[in-house]
Amino acid sequence: MQLVLDSPKEVWFDTVGNCGTIDLSVQWWRIPLYLACSASALAQYRFPHVDYWRGLSVQLVGYEVQFQIFQALMKRQSRDFLDTASSNTAGAIAAVVFASILQRTVDNVAYYYHARVLQRHKGKFSPFGEFCYKMSEIYIRITNCLGFGKKNDVVYLRMAAKLKEQREEMENPAHSRTEIMLTLEEEMVFIEAIVQAEDLNIWALLMPTVYQLVPGSLIARLWFNVIFPPLLSTEETTIVSDVIDGTNNFSSFTIPLVTPFQNDEVNIGAALLVVAASLALGLLIGFVIVEQATLFLKKVFCRKTDDNLTASESRLERQKSERKDARHFFSHTINENNFESVEALSESIQDDEENGYDENPMAEQAQKEVHFE
């Protein structure tokens, strides 16, 4: 602007009226445009292309709830920020709830695939488990054929057959094999498969969503208001003089006064504060809803007791559950800076080692048997 315009400031204020003239609620391309912008945000977070559908679905749910509630309240709340606060809070809550449902669904479906390829389960699954495994395998092969899947997933599918064959040979007393042999490349693929078998972290879905729920136009306007400070709002006021002129009429004159109310351009900072606070509040409320609903469903449908477990096994089961819940919620965490918390965890592990109880005996056995060339 400085290079091509003689007076950038005057031109800027003359073209301010061009902003906000499109009614997005009646445009068919509103959602496709938002998804395109959301895909670019996922690229900034280096989101895997094969998992874009997860991020885009959570972003779309949060945006649509935010947009529809804002459209419903904007006419009633035209002089305050209640419409912005309410829509952002509802959008964040919807995003958390949907992301939690999606995360649980993906983990439950992927469980059968990882249990089969990592040799964690012997024999066949139930019909539902076999269906989930087949769907996961077909999805991996299709995404690789289309060019945006992970090549190591296909490599490990082929390697899984080799691992299964070698394990069966080891378990056969008549066979001479005593260990599983892997090359260096197969070792790297094997480690990557173990990492991918971990539960999906819900924040991997929520961070790009929260990023998109913040209106980029507000941030842009805040930046341009620093470059081009907005003009103060004024209004004309008529003042009647007490002095009577020769015609026996009161004299009056008009003067401009600065209004005590700030215009929308000056209120950008306040709007951003409302957006930040309402999104944070929505995330907290959403996690509380998900956590309480999860606990309620567990009490109703999972009435499993620890009567048949020893004290050590029961404690380890609770620790495993807490570590898993730490990936789902915000309240189940171990404070690494708290010495008592870390000391209690280390003492528990030492007691388990002294008692000879292993949390995952199959993993320890596999670690002893697998040999890397």
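This is a short tutorial dialogue on reading a few features of the predicted model above.

Biologist: Before I look at any detail, what is the mean pLDDT of the protein?

Modeller: A good place to begin, as pLDDT is the predictor's confidence in each residue, from 0 to 100. Here the mean is 76, and 70% of the residues reach 70 or more.

Biologist: Over which residues does pLDDT stay under 50?

Modeller: One such stretch is residues 305-309, where the model has three contacts beyond four places in sequence. Another is residues 332-342, with nine contacts of that kind.

Biologist: Thanks. Let's go inside: how many cavities of 30 Å³ or more does a search of the whole structure find?

Modeller: A cavity is a space where a 1.4 Å probe fits but cannot get out. The search finds one of 30 Å³ or more, and the volume of the largest cavity is about 60 Å³.

Biologist: Which residues line the largest cavity?

Modeller: You can pick them out in the viewer: Y113, H114, V117, N152, D153, Y156, V189, E192, A193 and Q196. By character, five residues of this lining are nonpolar, three are polar and two are charged.

Biologist: And which helices supply at least two residues each to that lining?

Modeller: They are α4 (82-117), α6 (151-171) and α7 (184-196). Helix α7 gives the largest share, with four residues.

Biologist: I'd like to try a single residue now. Is P208 buried or exposed?

Modeller: For this, look at the relative accessible area: under 20% means buried, and over 50% means exposed. P208 has a value of 2%, so P208 is buried. You will find P208 in helix α8, which covers residues 203-213.

Biologist: What does P208 touch, leaving out residues up to four places away in sequence?

Modeller: P208 touches L42, Y45, Q59 and W203. Look at Q44 as well: its C-alpha atom is 8.9 Å from that of P208, although 164 residues separate the two along the chain.

Biologist: Next, aromatic rings. How many aromatic pairs are there?

Modeller: Rings count as a pair if their centres lie within 6.5 Å. With that rule, the count comes to eleven aromatic pairs. Take Y34 and Y63: their ring centres are 3.9 Å apart and their planes meet at 15°, so this pair is stacked. Y34 belongs to helix α2 (residues 30-44) and Y63 to helix α3 (residues 52-73), so the pair ties together parts that are 29 residues apart in sequence. Both Y34 and Y63 are buried.

Biologist: Why is the pair of Y112 and F125 edge-to-face?

Modeller: The angle decides, since planes over 60 degrees apart count as edge-to-face. The rings of Y112 and F125 have planes at 80° and centres 5.3 Å apart, so the pair is edge-to-face. This pair links distant parts of the chain, with Y112 in helix α4 and F125, 13 residues away, in the loop between α4 and α5 (127-146). Y112 and F125 are both buried.

Biologist: Which residues form one aromatic cluster with Y112 and F125?

Modeller: Y111 and F128 join those two in one cluster.

Biologist: To finish, backbone angles. What is the phi of R46?

Modeller: R46 has a positive phi, about 55°, although R46 is not a glycine. This residue sits in the loop between α2 and α3. Its relative accessible area is 76%, so R46 is exposed.

Note on methods
Residues are numbered from 1 along each chain as its sequence is written. This is a predicted model: local features need pLDDT of at least 70, side-chain atom pairs count only at pLDDT 80 or more; totals for chains, interfaces and linings use all residues. Side-chain values use heavy atoms; hydrogens and water are left out. On a 1 Å grid over the protein atoms alone, a cavity is a set of points where a 1.4 Å probe fits but cannot get out, and a pocket is an open set with protein on both sides within 12 Å along at least five of seven lines; lining residues have an atom within 4 Å of a point. Grid points are joined across faces, edges and corners, and a volume is the space filled by probe spheres set on the points. Ala, Val, Leu, Ile, Met, Phe, Trp, Tyr, Cys and Pro count as nonpolar, Asp, Glu, Lys and Arg as charged, and the others, Gly among them, as polar. Contact means heavy atoms within 4.5 Å. Buried means under 20% relative accessible area, exposed over 50%, partly exposed in between (1.4 Å probe, protein chains only). Rings of Phe, Tyr and Trp (its six-membered ring) pair if their centres lie within 6.5 Å; planes under 30 degrees apart count as stacked, over 60 as edge-to-face and the rest as tilted.
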